[in-house]
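Colleague: I am new to reading structures. Could you take me through this one in short steps?

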Amino acid sequence: MERTLDAKVGAAVDSWIEWLPRWKPATHRVRTRVCRRCFGSPFLRAAGIDNDVPHGVQHALTTRLKKIIDDIVDEYTDQNLPLLARELEDVEHRKSKSYRPEVGLEPEFDGLQVDPDPVPGEPFLFTLSELAQDGDVPESVRPVDLSEEEKQALRTEIRLADECADHAGRLVCLSLQQHRLRAREAIATVIEPQVDALLDALSESLDSPPTRW
């Protein structure tokens, strides 16, 4: 598993580095919510890019690594946790009956809020989140009540899935340490010049004397 995981982590880092030249500094209004996927991420610490790196750059890496963890847990669940697998299939079936704007996004956008923060006095005509709200769920796709024994078994399987995810996450962090140098070099080569240019432009605009008419 470790060797296969090392290959997957290496491929994720390769994909991220190939994507980096497409990143551009954000020029629109900054969102105010903290990204739970990136804030304090052990992946970013392991890769050595947890400080002074734009969030968009961090998010593009953490999302690719999270996909590795998700795939491992999904495979483990399908092979070893039948009750949890059935429940997850039922959840996906119910979700398929509603609009889901967060599905199918590129890695660098996956997990981000689908709507910008509202501006006081400037209401939205509609939001994607509102469109995604579930309506009445047909009787045929409503969840089936579980017995107490099934509920206890499901709790056990959820705990095992969490332990699998935690173990896989630790292995990913260990594998990431092999890529710290090239991750930092990619940031220094591609990202830092753009950030420096943006800061220089901002400094010039602040230093310029006001124009008199």
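Modeller: Start with a definition. Buried means under 20% relative accessible area, exposed means over 50%, and partly exposed lies in between (1.4 Å probe, protein chains only). This is a predicted model, in which local features need pLDDT of at least 70, side-chain atom pairs count only at pLDDT 80 or more, and totals for chains, interfaces and linings use all residues. Residues are numbered from 1 along each chain as its sequence is written, and side-chain values use heavy atoms, with hydrogens and water left out.

Colleague: How many helices does the chain have?

Modeller: Helices (H or I, at least four residues) and strands (E, at least two) are DSSP runs, numbered from the N terminus. Here the elements run α-α-α-α-α-α-α. There are zero strands, and the number of helices is seven.

Colleague: What percentage of the residues count as buried?

Modeller: The chain has 213 residues. Apply the 20% cut-off to them. The buried share is 30%.

Colleague: Of the contacts with a separation of 6 or more, what percentage join residues 24 or more positions apart?

Modeller: A contact means heavy atoms within 4.5 Å. Take the contacts with a separation of 6 or more. Pairs 24 or more positions apart account for 81%.

Colleague: Which residues of the largest nonpolar core touch the most other members?

Modeller: A nonpolar core is a set of buried Ala, Val, Leu, Ile, Met, Phe, Trp, Tyr and Cys residues joined through side-chain atoms within 4.5 Å. The largest one holds 40 residues, and those touching the most other members are Trp16, Ile49, Leu65, Val172 and Leu176.

Colleague: Which helices each supply at least two residues of this core?

Modeller: Early in the chain, helix 1 (2–19) and helix 2 (42–47) do. Later come helix 3 (55–80), helix 4 (82–95), helix 6 and helix 7 (180–207).

Colleague: Which side chain of opposite charge is nearest to Glu157?

Modeller: Glu157 lies in helix 6 (residues 148–176). Lys and Arg count as positive and Asp and Glu as negative, while His and the chain ends are not counted. A salt bridge needs a side-chain nitrogen of Lys or Arg within 4 Å of a carboxyl oxygen of Asp or Glu. Glu157 is buried and has no salt bridge; at 8.7 Å, the nearest opposite charge is Arg86.

Colleague: Which residue's backbone nitrogen lies 2.6 Å from a polar atom of the Glu157 side chain?

Modeller: Glu157 touches Leu81, Pro82, Leu83 and Leu84, leaving out residues up to four places away in sequence. The residue with its backbone nitrogen at 2.6 Å is Leu84.

Colleague: Is Leu84 buried or exposed?

Modeller: Leu84 sits in helix 4. Beyond four places in sequence, its contacts include Leu154, Glu157 and Ile158. Its relative accessibility is 9%, so Leu84 counts as buried.

Colleague: Which residue does Arg86 meet in a salt bridge?

Modeller: Arg86 is partly exposed, with a relative accessible area of 37%. Its partner is buried, at 18%. The N to O distance is 3.8 Å, and the partner is Glu87.

Colleague: Which residue does Glu148 meet in a salt bridge?

Modeller: Glu148 is exposed at 53%. The partner is partly exposed at 33%. Both lie in helix 6, three residues apart, about one turn of the helix. Across 3.8 Å, N to O, Glu148 meets Lys151.

Colleague: How many salt bridges does the structure hold?

Modeller: One more example joins Arg184 and Glu192 at 3.5 Å, N to O. Arg184 is partly exposed at 31%, and Glu192 is partly exposed at 32%. The number of salt bridges in the structure is eight.

Definitions and conventions. A polar contact is a pair of N or O atoms within 3.5 Å; within protein, one must be able to donate a hydrogen and the other to accept it, and residues adjacent in sequence count only if both atoms are side-chain atoms.
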